[in-house]
Amino acid sequence: MARHTFFCVDGHTCGNPVRLVAGGGPRLEGSSMFERRQHFLENFDWIRTGLMYEPRGHDMMSGAILYPPTREDCDTGVLYIETSGCLPMCGHGTIGTVTMAVEEGLVTPKVHGSLRLETPAGLVVADYEQDGDTVTSVTLTNVASFLAAENLEIECEIFGPLTVDVAYGGNFYAIVEPQGAFAGVGSVDVGDLLAASPKLRSALNAAYEIVHPENERIRGISHIMWTGPATVEGADARNAVFYGDKAIDRSPCGTGTSARMAQLHAKGRLKVGDTFVHESIINSLFIGGVKSETTVGNARAIVPTVSGRAYKTGTSTITLDERDPYMTGFQVAGTGVTRFPRPSS
């Protein structure tokens with residue numbers, strides 16, 4: 001029976017984990033990172049579940065695998081692997097990936113201080129600052145972000161009727177602002193957010209079709225962003241982002257911050273040149289900015305920036321042993337135990 005070995009560098013970005021797979025990722029086919037993502041999903045998703053879920057990970061786990069880019073203007077390709085799936089883009093994951101990749105010498109940028117990343121969502125530029133060998137901050141210029149739908153009405157089992165907006169920042173977010181029985185993040189139990197989110201996401205996806213105007217394969221709401229007033233001095237707003245089946249992002253969420261700024265810009269609450277300091281559920285901060293305006297299909301959009309810091313916490317060599325009945329991971333949830341599929345022989 002085979003053993004599959006992966007060399008990993010572990011860290012966190014503003015509290016949310018990042019597991020960077022520096023060696024052992026599968027060979028992927030495709031003329032772009034988006035096509036390689038499709039190949040991974042069709043043939044190797046068991047690697048994602050094995051590395052992200054218990055017993056080697058946990059419900060909040062997220063990570064990335066480095067690949068040679070398909071684009072000549074990029075320094076590296078990035079495939080995102082998380083408990084929420086193989087995402088097109090992950091902001092906190094990118095900040096952590098860039099930090100650890102630079103500090104560990106896993107990538108060599110063409111221009112010092114800047115990494116051009118080919119992600120499944122498109123080009124992401126990561127400018128970083130160093131103190132010696134330590135990366136002290138990373139600023140992402142993210143993919144174009146836009147308000148996809150607004151004032152969608154939906155019934156929520158715990159909070160009653162809600163009106164939400166949907167915005168894209170690399171993933172689609174349903175954004176819930178304080179209203180009715182939802183008093184805002186910090187005023188409701190986190191347990192209620194965890195209980196309400198998966199049902200709300202399912203109800204929204206059943207009632208509304210959300211599709212990226214330039215790539216129909218990017219579709220559906222994957223994240224729920226609950227919002228509320230800031231509690232940290234200098235912050236503009238607070239959020240709790242739900243993803244996967246039972247996870248609340250510990251960071252302020254990079255693609256979520258991009259989506260939130262796109263929503264606020266579309267409603268006239270942010271303009272080009274403005275900054276937006278976003279606070280997480282654990283009070284960590286990202287500094288967002290509206291760099292410029294653009295369009296995505298027929299939608300008005302922004303080019304957002306997101307700045308934050310990540311820290312390496314260790315290295316590990318992880319083995320997925322085919323003799324192990326839990327090689328591909330499992331999850332214990334309110335509905336029971338899920339054991340993830342093994343690779344086909």
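The largest nonpolar core in this predicted model has 61 residues. Phe159, Leu162, Phe182, Ile224 and Trp226 are the ones with the most contacts inside that core. There's also a second, separate core of 20 residues, which includes Cys8, Leu28, Phe40 and Ile318. As a rule of thumb, nonpolar side chains in soluble globular proteins tend to be buried together.

**Around the cores**
- Take isoleucine 224: setting aside residues up to four places away in sequence, it touches Ala174, Val176, Ser197, Leu200, Arg201, Leu204, Ala240, Val241 and Phe242.
- Phe40 from the second core also turns up in helix α1, which spans residues 33-43.
- Along with Phe40, the buried residues of α1 are Met33, Phe34, Arg36, Arg37 and His39.
- And what covers the buried residues of α1? The cover includes α2 (45-52) plus the strands β3 (62-67), β4 (76-82), β5 (114-119) and β12 (215-219).

**Cysteines without partners**
- How many disulfides does a search of the whole structure find? Zero.
- Cysteine 74 can't pair up because the closest cysteine sulfur, in cysteine 86, is 17 Å away, too far for a bond.
- Cysteine 86 is in a similar spot: its closest cysteine sulfur belongs to cysteine 90, at 11 Å, again too far for a bond.
- Cysteine 74 counts as buried, at 2% relative accessibility, and so does cysteine 86, at 4%.

**Proline 252, tucked into a loop**
- You'll find proline 252 in the loop between β15 (247-248) and α5 (254-266).
- Is proline 252 buried or exposed? It's buried, with a relative accessible area of 0%.
- Leaving out residues up to four places away in sequence, proline 252 touches Cys14, Asn239, Thr257, His278, Glu279, Ser280, Ser284, Leu285 and Phe286.
- Valine 277 is 25 residues from proline 252 in sequence, and their C-alpha atoms are 9.3 Å apart in space.

**Glutamine 331, a buried polar residue**
- Glutamine 331 sits in strand β20, residues 330-333.
- At 5% relative accessibility, glutamine 331 counts as buried because the cut-off is under 20%.
- Its side chain has a polar contact of 2.7 Å with the side chain of aspartate 59.
- Beyond its neighbours within four places in sequence, glutamine 331 is in contact with Asp59 and also with Tyr53, Asp245, Lys246, Gly336, Val337, Thr338 and Phe340.

Terms used: Residues are numbered from 1 along each chain as its sequence is written. This is a predicted model: local features need pLDDT of at least 70, side-chain atom pairs count only at pLDDT 80 or more; totals for chains, interfaces and linings use all residues. Side-chain values use heavy atoms; hydrogens and water are left out. Helices (H or I, at least four residues) and strands (E, at least two) are DSSP runs, numbered from the N terminus. Buried means under 20% relative accessible area, exposed over 50%, partly exposed in between (1.4 Å probe, protein chains only). Contact means heavy atoms within 4.5 Å. A disulfide is a pair of cysteine sulfur atoms within 2.5 Å. A nonpolar core is a set of buried Ala, Val, Leu, Ile, Met, Phe, Trp, Tyr and Cys residues joined through side-chain atoms within 4.5 Å. A polar contact is a pair of N or O atoms within 3.5 Å; within protein, one must be able to donate a hydrogen and the other to accept it, and residues adjacent in sequence count only if both atoms are side-chain atoms.
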